[in-house]
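Here are some notes for a colleague who is meeting this structure for the first time. Please read them with the sequence and the model side by side.

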Amino acid sequence: MATAAQIDKPASYYRDSITVHLEQACPPLVGRRRVDVCVIGGGITGCSAALHLAERGYSVTLLEAHEIGFGASGRSGGQILPGLGTDIATVEQALGRERAREVWELSREAVRLTTELIEQHAIPCDLAWGYLHAAVKSRHVRELKQMQERLARDYGYEALTWLEGEALHERVATSAYPGALHESEGGHLHPLNYTLGLARAAQQAGVTIHEHSAALTIRRGQPATVVTAQGEITADFVVVGANAYLGRLLPELEGRVMRAANYIVATEPLGEERASKVLPRNDALSDANFVLDYYRLSADRRLIYGGEVSYDGREPRGLQQRMDAKIARLFPALEGVRIDYRWGGDVAITLNRAPDFGRLGSNIYYAQGYSGHGMALAGLAGKLVGETIAGQSERFDVFAAMPHRRFPGGERLRTPLLVLATTFYKLRDRL
Ligand SMILES: Cc1cc2nc3c(=O)[nH]c(=O)nc-3n(C[C@H](O)[C@H](O)[C@H](O)COP(=O)(O)OP(=O)(O)OC[C@H]3O[C@@H](n4cnc5c(N)ncnc54)[C@H](O)[C@@H]3O)c2cc1C
């Protein structure tokens, strides 16, 4: 059974709507090369790191096992927003209020950086603003209002507005939600075009990219050597942005993240009129469940609807029927709508759902474990790695200071234990 990661091509809806093309072809690496930095992984983390490092004057080669955007970055829901995959209270508990404020401000910077990169490098990726955090039950109403209050009081964040009744209906045309927080600093984009745009900008800045060039081993040392099937790169620094697709390349990181597949469907184009009866203001939305559903409209007015998880790489049984039923329950007018695409991708989750940044020895840097919340943060991670290699590590270390524990259960029991925990939270979602 193929896992989501092994599917040959990423999300075909995104592949079928590519508008950004790389500057040069990216043939597999053959032979030996010496550079300042070797970046592993052609998602947002790797492409952003390569771009920012090249802009600082480093010679950079990026190795991608498949194609640029093959991983989560090219399959994602495309929703961007401040914050982390965990709530700010968890960050406060781990790091204290002052550090948590720095994390929060960096997460807002991540969203601004996304906009800047899109503008600066003229990346056509359908960026649109407006985000809804929707309550499914009264417990969520309380939790969302508490979040809004805490962020306003302790973090000076005023971009959240509570909506219910008619005001909410003007933004999402369903009566399924008792209320929602509207976030003006959140939005959505075409994730594969964005990722390809970063890769193209990196090439324009001088980065050499090799696709179909999996890093098989890293010979540690100063410099380090990254070995592929037909070549090797010797570099002063190695940056690893392989996220859920890392495998066993860095044994020290095993168990710090777990891989979970997440699934998305794209409907046929709805046309302006039907689309305006779903998300009239073109917001993105996610609900407040633990295993959450999220959706938005694409530029050609398809409903891009995501949700559901699996941990063994197998598509959950009855996935399509469940997605169809969810869409029809929210928007009865869409009952029987044609689904043109369905795909899965792998998310890397950490135990506390905060991202895991760090270094191994003095010259290997990694950023991973965005826990389903990496569209904006991964771009910032790449920038912070660039700053760190150039000698300013303070901002990278704000994230690197976050304590991370391995998932319990060792190699054999980790997945069953995670399934058990998720089942518990899924049941709680139903209460
Ligand atoms: C279905 C889905 C929906 C999502 N929706 C959202 C969302 O709406 N909003 C949000 O914020 N986040 C979302 N995410 C998460 C977000 O997409 C990721 O956090 C982000 O894209 C991570 O980027 P990355 O570059 O770190 O990793 P990836 O994009 O996964 O890139 C890693 C790359 O490394 C390559 N690689 C791995 N090993 C090697 C090797 N040994 N040698 C060379 N290359 C290697 C892989 O082929 C891959 O291309 C979603 C993820 C999925 C899967």
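1. Strand S11 is joined to strand S15, which covers residues 339–350, by 11 bridges, and the two strands run antiparallel. One position to look for in this pairing is Thr267, which stands opposite Ile339 in S15. Please keep in mind throughout that the model is a predicted one.

2. S11 also pairs with strand S14, made of residues 303–310, and here six bridges join the two strands, again in an antiparallel arrangement. Within this pairing, Ala266 has Ile304 of S14 as its bridge partner.

3. How many of the residues of S11 are buried? The strand spans residues 257–267, and 11 of its 11 residues are buried, so that S11 counts as mostly covered, where a residue is called buried if 20 or more other C-beta atoms lie within 10 Å of its own. The cover extends to both faces of the strand: on one side Val257, Arg259, Ala261, Tyr263, Val265 and Thr267 are buried, and on the other side so are Met258, Ala260, Asn262, Ile264 and Ala266.

4. The ligand is surrounded by 42 residues, of which the closest are Gly43, Gly71, Gly77, Gly345 and Gly374. The elements that contribute two or more residues to this shell are helix H2, which covers residues 44–55, together with S11 and S15. Sorted by class, the shell around the ligand holds 19 nonpolar residues, 20 polar residues and three charged residues.

5. As for annotation, an unreviewed UniProt entry lists residues 36–387 under "domain: FAD dependent oxidoreductase". Over residues 36–387 the chain is 31% helix and 29% strand, and the C-alpha atoms at the two ends of this stretch are 14 Å apart. For the protein as a whole, the secondary structure comes to 12 helices and 17 strands.

6. On overall dimensions, the radius of gyration of the protein is 21 Å, which agrees with the value near 22 Å that a compact globule of 431 residues would have. Taken along the principal axes, the C-alpha atoms fill a box of roughly 60 × 45 × 45 Å.

7. Finally, on burial and contacts, 48% of the 431 residues of the protein count as buried. If one considers the contacts between residues at least 6 apart in sequence, 76% of them join residues that are at least 24 apart.

Methods. Residues are numbered from 1 along each chain as its sequence is written. This is a predicted model: local features need pLDDT of at least 70, side-chain atom pairs count only at pLDDT 80 or more; totals for chains, interfaces and linings use all residues. UniProt positions are given in the numbering used here, feature names are shortened, and annotations may be inferred rather than shown by experiment. Helices (H or I, at least four residues) and strands (E, at least two) are DSSP runs, numbered from the N terminus. A residue is buried if 20 or more other C-beta atoms lie within 10 Å of its own, exposed if 12 or fewer, and partly exposed in between; C-beta atoms are placed from the backbone. Two strands pair if DSSP finds at least two bridges between them. A residue is near a molecule or strand if its C-beta atom, placed from the backbone, lies within 6 Å of it. Ala, Val, Leu, Ile, Met, Phe, Trp, Tyr, Cys and Pro count as nonpolar, Asp, Glu, Lys and Arg as charged, and the others, Gly among them, as polar. The radius of gyration is taken over C-alpha atoms; the globule rule is 2.2 Å times the number of residues to the power 0.38. Two residues are in contact if their C-beta atoms, placed from the backbone, lie within 7 Å.
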